[in-house]
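This briefing covers two topics: backbone angles that stand out, and the contact between two chains.

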Amino acid sequence: MRTLTTPFIVLSAGMLFVSPWIINAAPYESTMGLVQKVFYFHFPAAIMFLLAALICGVNSFRFLFFRKQSADGWALAAAELGLLFGALTLVTGPLWARKAWGVWWVWDPRLTSSLLLWMIFGAYVLLRQYGGPGSERLSAGMALFGMLNVPFIYYSVNVWRTLHPQTSVVPTLPTDMGIPLWFCFAAFSMLFTALLTLRATLEHQRVRVEALYLLEDEV
Amino acid sequence: MIGSFLRVAWHVMRKDLTVEVRSREVLFTTLFFAVSVVLVFSFAIVREGRAPDDVAAGILWVAISFAGTLAMGRTFERERYNDTLRALILAPADRPAIYMGKLLGLLLLMLLVEAVLLPLVALLFSAPILAFPVHLTLLLTAGTFGFCAVGTLFAAMLVRVRSRDTLLPVLLYPITIPVMIAGVRGTAALFQAAPDEPMARFWIGLLVFWDAVFVTLALWTFEPVMTE
Amino acid sequence: MHRLVVKDVARHYGRRKALSQITFSCDAGDIVGLLGPNGAGKSTLLNILATLLTPSRGSVQYGDQQAVDGAVVRGLIGMLGHDLFLYPELTARENLTFFAHLYGLPNAARVVDAALARAGLTERGDDLVSGFSRGMRQRVALERALLHDPRLILLDEPFTGLDQTSTAALVDRLKERQRAGCLIVMATHDLDVADGLLTRAIYLKNGRMVASDTDPSGLADRYRQAIT
């Protein structure tokens, strides 16, 4: 995967550069018009965000229970990317909401769950940063709780929301926005994969450098 | 195997309660803190002498969550003081049993605090706490148990970390949101003018399920996370 | 457990080397001293031997068992830490009883009575530990560490703050354990007491083993030679 990172980054940069034209050419959505086009960035970002959560959770599990040191690098990279793509999702979401429904924030199940998941990633990164040595295991443990919680958070927020009168409904995935959607999706996926691999590799190398440094003056 | 697990958990819990009964430090400070939280929120929210509907449940659970975080921090701080946590980890006992004992001790403490908090909230907001006592008790117990289950694990994890006082809430609150939602909505359903009993039962069910999942996860992860 | 083998043990904290390349072995009946200036890594090594820390590299072998975090290995180890591991809010008897139950000892009451008697504290058994002097607390803590008759006894600076009588009592107890076939490893600064007590000495400086010998006399001089 490492050899693909450069072509991935170049390709995704190029695709993201031309994406405004492609999105512009896409048909207007019936109810929301131009504003809906944020969706082409919002949706892939959201998917990458969830993917980051999955990768973080799985690797935290492998690190904690199978003692695989490399899994920790992947988990950390996934958490940081989760913060990045989550931020993208949480910024594009309200932008869309503002224009479509007139409010910046709606306590919609998906947005709320995303915010909570984003905060869990934030907690993970804070713990790694300020937890001192040995915080890898602690954050891995915490990540397990966070990721396992995602379905619960979504479900409970969903039920909570339906108790309140609805002022708007987030549209379900439209099926006929084909080309621009898959185009942006591909660009985001490549970007995500490339960044994940780079960051994880960086972390693996940092660990190796530290180990080598420690061996330096051994007899 | 189960026998020794229960035995160890029981003794750890008993020890914690004995220590607490002697000093009463955590109980009193947590209780007064919880009462202060209720008052502060009341002043913040009550307008022209009347509280908006539904706010009693919210205030109750916010107080529980804030006070609970404080209590967990304190009980583990005590173990850190004479490094007794090390002695516990060193014992040939099943380590998850130690977690369980600490969890149960904390739960009992919190339930005591809630026993005082509930009448207070009822008084201040005319909440009908005696309408469905069984449901309310179950709701509070299941919710507090879930909150304490995750909190005990995190507090234990953070015992040797420098910024543990601020990191504990940062880690704990996002993850216990389902507990908060279920607790508040369930309690609100019971406090309504026309109580919604099936709704309360739904939330109790969800809480019990959540508790089962996360206590299991905590028992699993306690040992790997506590070994340095 | 007849033999303890430490092979190439190292422990790092980020870039800081707390211990590196520690290799030695000792047999039942040995009293091993870990000597060195502050920060040399004595406590870290003791914690690794106690299975409280996992070595970053290398291994420790207890008799026929590798140090995998097993309750079996922990059942062989008794540790007297620098912080004594006692609950000040409990009485001496309660402290010992709690740990007896934690260790799963049958007949806890009788074991605790015997332990109090050996510590010479039977009359003070029902007083809170917070009221004890350092020497008395040390005695209780030592008996706590020895409750389950461990084969490996680890002591971290046990002679700190003790008066003549307490020191002599501790030395006697250790010698008695030595005769019973236990292996004792202790970190200490107190060269006068250690002289004549140790059968083996390991000198640590900056996390490394700078010397080791098995000549039990003239410790102060050899320490000066090794460390400076």
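A residue is called exposed if 12 or fewer other C-beta atoms lie within 10 Å of its own, buried if 20 or more do, and partly exposed in between. The model discussed here is predicted. Two residues in it, Arg24(B) and Asp149(C), are treated first, followed by the side of chain C that touches chain B.

**Positive phi values**

- Most residues other than glycine have a negative phi.
- Arg24(B) is not a glycine, yet its phi is positive, at about 55°.
- In chain B, Arg24(B) sits in the loop that lies between α1 (2–23) and α2 (25–45).
- Arg24(B) counts as exposed because it has 11 C-beta neighbours inside 10 Å, and the cut-off for exposed is 12 or fewer.
- Asp149(C), also a residue other than glycine, has a positive phi near 50°.
- The loop holding Asp149(C) runs between α5 (134–146) and β7 (152–156) of chain C.
- With 14 other C-beta atoms within 10 Å, Asp149(C) is partly exposed.

**Contact between chains B and C**

- On the chain C side, 24 residues are in contact with 21 residues of chain B.
- Both α2 (71–75) and α3 (92–102) of chain C supply at least two residues each to the side that touches chain B.
- The largest share of that side comes from α3(C), which gives four residues.
- By residue class, the side of chain C that touches chain B has 14 nonpolar, five polar and five charged residues.

Terms used. Residues are numbered from 1 along each chain as its sequence is written. Chains are lettered from A and ligands numbered from 1 in the order in which they are written. This is a predicted model: local features need pLDDT of at least 70, side-chain atom pairs count only at pLDDT 80 or more; totals for chains, interfaces and linings use all residues. Two residues are in contact if their C-beta atoms, placed from the backbone, lie within 7 Å. Ala, Val, Leu, Ile, Met, Phe, Trp, Tyr, Cys and Pro count as nonpolar, Asp, Glu, Lys and Arg as charged, and the others, Gly among them, as polar.
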